[in-house]
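Colleague: Pick one part of this model and take me through it slowly, please. I'd like one connected story rather than a tour of everything.

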Amino acid sequence: MGTSKRVRTANQASEDEIASVAQIYNKAVTLRDKSYSVHILHASSLSPGEKANIWQLWEANMRALVEPSSFGWEPKGKKKELFQRHARFILVFQGDQNSSDREDTAPPIAFCMFTFERDLGHDQIYCYELQVSQTFRGSGLGRFFIEKLVAIGRHWGMSKIVLTVLKSNMGARYFYNATGFDIDPSSPEYGRSGEVEDVDDNAPGDHEPTEGETFDYEILSKPLN
């Protein structure tokens, strides 16, 4: 995975710059007549307690799906990925929480983690995680995250939003389809339905599946151009 001038510029953006582009003012939003507090943070700004709360929500949502998958249950590796150097977080809390000390707030009810990356010749936002607490699903938070990623990606010239989804996660697959995502050419089984894409055979990250090989995940993308 390489880099580019656009990706480097995006990675230098401050938390306030990203919040302004995402039109998150005063850290408060209202969705379907319910108020939420929103924080946009760099991974380096997270306290140990905040990281623990983020991990707790991820584990509650994903452990049962990940354990039997090809990814397996690898908490150490997952935490390293989740809190990687260039990771950005959109954290959502219930209600209008005005405390300047985030340690005083309740755990987030939803979060999105993304990075700016260049892969296979594309500048892109990679959405590593979009997690909503079971109690708050159907509240519009998922679409809220996608709308913010679209605004952020377009502002910094990214060509698409990319993410990985387990095939067993039917609710997520339905949601991403409904919000404009489709199979990305980098997905290992792309093309089996007859689609053709000109991809550099020597590009890092390409995987040419052998005949009959199956995968339990898909890579999806939503164009921003």
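**A hairpin and what surrounds it**

Modeller: Let's start with phenylalanine 116, which counts as buried because its relative accessibility is 3%. Keep in mind that this is a predicted model. Phenylalanine 114 counts as buried too, at 0% relative accessibility. Now for the rings: taking centres within 6.5 Å as the pairing limit, the count comes to 13 aromatic pairs. One of them joins phenylalanine 114 and phenylalanine 116, edge-to-face, with 5.8 Å centre to centre and 90° between the planes.

On to the strands. S4 spans residues 110-119 and pairs with S5 in the antiparallel sense, over ten bridges. To find your place in that ladder, look at threonine 115, whose bridge partner in S5 is tyrosine 126. S4 and S5 make a hairpin with two residues between them, and leucine 120 in the turn has a positive phi of about 50°.

So how enclosed is S5 (residues 122-132)? Largely, because ten of its eleven residues are buried, under 20% relative accessible area. S5 also has parallel company: three bridges join S5 to S6, residues 160-166. Glutamine 124, for instance, has lysine 160 in S6 as its bridge partner. To get from S5 to S6, the chain passes through H5, in a β-α-β crossover that is right-handed.

That brings in the packing. The largest nonpolar core has 42 residues, and Phe116 is among those with the most contacts inside it, along with Val92, Leu141, Phe145, Ile152, Trp156 and Tyr176. H5 (residues 141-155) supplies the largest share of this core, seven residues. In general, nonpolar side chains tend to be buried together in soluble globular proteins.

Leucine 141 is a good one to click on. Leaving aside residues up to four places away in sequence, leucine 141 touches Leu31, Tyr36, Val92, Ile109, Ala110, Val132 and Phe136. Two of those contacts take us back to the hairpin: Ala110 belongs to S4, and Val132 belongs to S5.

Apart from that core lies another, of 22 residues, including Trp58, Val66, Phe83 and Leu91. Trp58 also sits in an aromatic cluster with Trp55 and Trp73. Two lysines join the picture here: the charged end of lysine 51 sits over the ring of phenylalanine 83, 5.5 Å from its centre, while that of lysine 79 sits over the ring of tryptophan 55, 4.9 Å from its centre.

Note on methods. Residues are numbered from 1 along each chain as its sequence is written. This is a predicted model: local features need pLDDT of at least 70, side-chain atom pairs count only at pLDDT 80 or more; totals for chains, interfaces and linings use all residues. Side-chain values use heavy atoms; hydrogens and water are left out. Rings of Phe, Tyr and Trp (its six-membered ring) pair if their centres lie within 6.5 Å; planes under 30 degrees apart count as stacked, over 60 as edge-to-face and the rest as tilted. Buried means under 20% relative accessible area, exposed over 50%, partly exposed in between (1.4 Å probe, protein chains only). A charge sits over a ring if NZ of Lys or CZ of Arg is within 6 Å of the ring centre and within 35 degrees of the ring normal. A nonpolar core is a set of buried Ala, Val, Leu, Ile, Met, Phe, Trp, Tyr and Cys residues joined through side-chain atoms within 4.5 Å. Helices (H or I, at least four residues) and strands (E, at least two) are DSSP runs, numbered from the N terminus. Contact means heavy atoms within 4.5 Å. Two strands pair if DSSP finds at least two bridges between them. A crossover is right-handed if, with the strands pointing away from the viewer, the path from the first strand over the helix to the second runs clockwise.
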